[in-house]
Amino acid sequence: MSGRRRDAPKDLRALATEVAAAFERSEARVRHDPHRRWYEQVVATARYDAWVIGWTPGQAIPAHDHGVSAGALAVTDGELVETRWPSASGRPVSRAITAGDRPHAVAADRRHALANLGHRSATSVHVYSPPLASVRWVEGPDGEPTGGRAPRSRSHDRSTETVLGEARARLRRLGPAEAWHAVGAGALVVDIRPEASRRAEGEIPGAVAVERTVLEWRLDPASPDRLAAITGYGHHVILVCNEGYSSSLAAAALQDIGLARATDLVGGFRAWKEAGLPVEPPRGSRT
């Protein structure tokens, strides 16, 4: 570090609190741009620097570390989800950081990703010591939102349960009641069950049926074959399968192509039906 001082985590957390309070008292205003993450450096000293970032729903920073700089972040408005990878082959762990929570320390070599998976904009303050000089991306060199993709493991002995667990660690999965409210707020339900299952068991009203084999092409906003309902990478998409297993893997695949708010329904269609939520009857029983 050539003699450059690195503050301790507790000092960085205190600095993040101070910077957040000073920014809120100032006349400066954060911007929330739906097309590009807004950020601005608000402090620059030889010892540390600080940045404010505005996040609209769906915006994300993919997996990275901060080189030799330790950091701390405070969410001052809304909520962000941080995903961490404890080691090169470790399982990712996600947690929500909400406005009012204690500032969160990030070690210099800790890989993490951040995303706004909520329905409203968020604001965060980031402090780095020594001042941030480089960001090392785990996947992809661009610093703009790509959905917070997880680093790829090169191991070939990972079980299906391990892969499923890794996928779910990246998702904010919704129970039937939460999904019902999300639909009311504009979320799109995508039913990936085979046609035979939909015919036999019924469907969720308003859900769009898309076979798993063409899911990415139909939901990628950049695809010429996308659904008309998909308007951008920030679209909130809820996948539904029979019992909530294949939908988790499919939702993680959608996050890989940039749909950061893709998730799935816990328990699948059967949990939705058991919760007494609206269901269109099987096609064979309709009059």
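This report describes a parallel sheet in a predicted protein model and a helix that packs on it.

## Basis

In this predicted model, local features need pLDDT of at least 70 and side-chain atom pairs count only at pLDDT 80 or more, while totals for chains, interfaces and linings use all residues. Residues are numbered from 1 along each chain as its sequence is written, and side-chain values use heavy atoms, with hydrogens and water left out.

## Overall make-up

The protein has 7 helices and 14 strands; these are DSSP runs numbered from the N terminus, with at least four residues for a helix (H or I) and at least two for a strand (E). Of its 287 residues, 49% are buried, meaning under 20% relative accessible area with a 1.4 Å probe, counting protein chains only.

## The sheet

An open sheet is formed by 4 parallel strands in the order E12-E11-E13-E14. Its edge strands, E12 (208-209) and E14 (262-264), each pair on one side only; two strands pair if DSSP finds at least two bridges between them. Strand E13 (residues 237-240) is joined to E14 by 3 bridges. Leu239 stands opposite Asp264 in E14.

## Helix H6

Helix H6 (residues 246-256) packs on the sheet and touches E13 and E14, where contact means heavy atoms within 4.5 Å. Because 9 of the 11 residues of H6 are buried, the helix is largely enclosed by the rest of the structure. Among them are Ala250, Leu254 and Asp256. The buried residues of H6 also pack against helix H2 (160-169) and helix H5 (215-219). After H6 comes Gly258, with a positive phi near 110 degrees.

Definitions and conventions:
Axes are lines fitted to C-alpha atoms, for helices over the stretch in contact, and angles run from 0 to 180 degrees between N-to-C directions. Buried means under 20% relative accessible area, exposed over 50%, partly exposed in between (1.4 Å probe, protein chains only).
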